[in-house]
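Work through the exercises below with the sequence and the model open side by side. Try each task before reading its solution.

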Amino acid sequence: MDLQQIIDESSRIVFFGGAGVSTESGIPDFRSVDGLYHQHYDVPPEELLSRTYFNRHPEAFFRFYRDKMLPLNAQPNAAHRKLAELEAAGRLSAVVTQNIDGLHQKAGSKRVYELHGSIWRNFCMSCGMAWPPEAIRDSEGVPRCSCGGIIKPDVVLYEEGLDNEVVSGAVHAIRQADTLIIAGTSLTVYPAAGFVTCFRGRYVVLINRDATPYDSQADLVIHRKVGEVLGAIEVHPLTGTPSS
Ligand code: ZN
């Protein structure tokens, strides 16, 4: 079976994606060797992006966040676009992503479970008012609401829990899926591995540039860039279902 055949046989694909899905849009993976970790910050990203650090050093947190975490002009790549097409064609039921860049929605995907939140949602920690990401980008120091509260991005920091509704939605989608495509993640990052065990469908496909600990358990493993692989897929409408 190749990926095209698997997709042509599927009508409830769930795509589970990690940082590698967005690298072709110019967004670095901060865990990878050439990622943010090596870009001259005194404190490693795991610490900078922790809730403790946010509480203790909000100015330094927002300096890093503005500098590295707000790629508001980034554009979807071939992977994002193809997934939106597959959903529109009735072949894909959901995207589950560890990314916070909102590129799936930008590409037109409708059902997206953002496990780690989104840079596009920001709320005042005092009054709860919603703010666009530009309010953080264009501010200096610690971004403040009109009420004086700190505007916090709706992204899951280290030490924070995942949103229960998002998690249960993602788990439900994976349980109902006939095919699970895991891409751009080594699956070593919590909670990726746990989600994969919920899958009860037919095919597991892994697309990742490097080998992962799960390669041997997949039905198909492709060690190439995600955008390259998905970009080459043809989207065929579902057959055998009444069209009107
Ligand atoms: Zn406020």
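The exercises that follow concern a predicted model, and they treat a metal site and two sheets in turn.

**Exercise 1. Find the protein donors of the zinc ion and decide which geometry their arrangement has.**

Begin with the atoms that lie 2.3 Å from the zinc ion, which are the SG atoms of Cys124, Cys127, Cys145 and Cys147. Next, take the angles that these four donor atoms subtend around the zinc ion, which run from 101 to 119 degrees. Four donors count as tetrahedral if all angles lie between 85 and 135 degrees, and therefore the arrangement around the zinc ion is tetrahedral. As a reference, the ideal angle for four tetrahedral donors is 109.5 degrees.

**Exercise 2. Describe how the donor residues of the zinc ion are spaced in sequence, and locate cysteine 127 and cysteine 147 in the chain.**

Reading along the sequence, the spacing of the donor residues follows the pattern C-x2-C-x17-C-x1-C. Cysteine 127 sits in the loop between strand 4 (117-124) and strand 5 (130-131), while cysteine 147 sits in the loop between helix 7 (133-137) and strand 6 (151-155), so that the pair, 20 residues apart, links distant parts of the chain.

**Exercise 3. Are cysteine 127, cysteine 145 and cysteine 147 buried, partly exposed or exposed?**

The step needs two cut-offs, since buried means under 20% relative accessible area and exposed means over 50%, with partly exposed in between. Cysteine 127 has a relative accessible area of 46% and is therefore partly exposed. Cysteine 147, at 45% relative accessibility, is partly exposed as well. Cysteine 145, at 5%, counts as buried.

**Exercise 4. Count the disulfides in the model.**

A disulfide is a covalent bond between the sulfur atoms of two cysteines. The rule asks for a pair of cysteine sulfur atoms within 2.5 Å, and by this rule the count comes to zero disulfides.

**Exercise 5. Trace the sheet of six strands, and examine strand 1 within it.**

First, write down the strand order, which is 3-2-1-7-8-9 in an open sheet with parallel pairing. The edges are strand 3 (112-114) and strand 9 (220-222), each of which pairs on one side only, and the twist averages 15 degrees from one strand to the next.

Then turn to the neighbours of strand 1: five bridges join strand 1 to strand 2, where isoleucine 13 has leucine 92 as its bridge partner, and five bridges also pair strand 1 with strand 7, where phenylalanine 16 is partnered by isoleucine 182.

Finally, check the burial of strand 1, in which five of five residues are buried. In a regular strand the side chains alternate between the two faces of the sheet. Here Ile13, Phe15 and Gly17 on one side and Val14 and Phe16 on the other are all buried, and both faces are covered. Among the helices touching strand 1 are helix 5 (78-88), which makes about 145 degrees with strand 2, and helix 8 (164-176), which runs at about 135 degrees to strand 3.

**Exercise 6. Trace the sheet of three strands and name a helix that packs on it.**

The order is 5-4-6, in an open sheet with antiparallel pairing, and the edge strands are strand 5 and strand 6. Two bridges join strand 4 to strand 5, with asparagine 122 facing its bridge partner, tryptophan 131. Helix 4 (residues 58-68) packs on this sheet by touching strand 4 and strand 6, and its direction makes about 55 degrees with that of strand 6.

Technical notes
Residues numbered from 1 in each chain as written. Predicted model: local features only at pLDDT ≥ 70, side-chain atom pairs only at ≥ 80, totals over all residues. Heavy atoms only, no water. Donors = N, O, S within 2.8 Å, 3.2 Å for Na, K, Ca; no water. Tetrahedral: all angles 85-135°; square planar, octahedral: opposite > 155°, others 65-115°. Helix = DSSP H or I, 4+ residues; strand = E, 2+ residues; numbered from the N terminus. Buried < 20%, exposed > 50% of the residue type's maximum accessible area, 1.4 Å probe, protein only. Pairing = 2+ DSSP bridges. Axes fitted to C-alpha atoms, helices over the stretch in contact; angles between N-to-C directions. Contact = heavy atoms within 4.5 Å.
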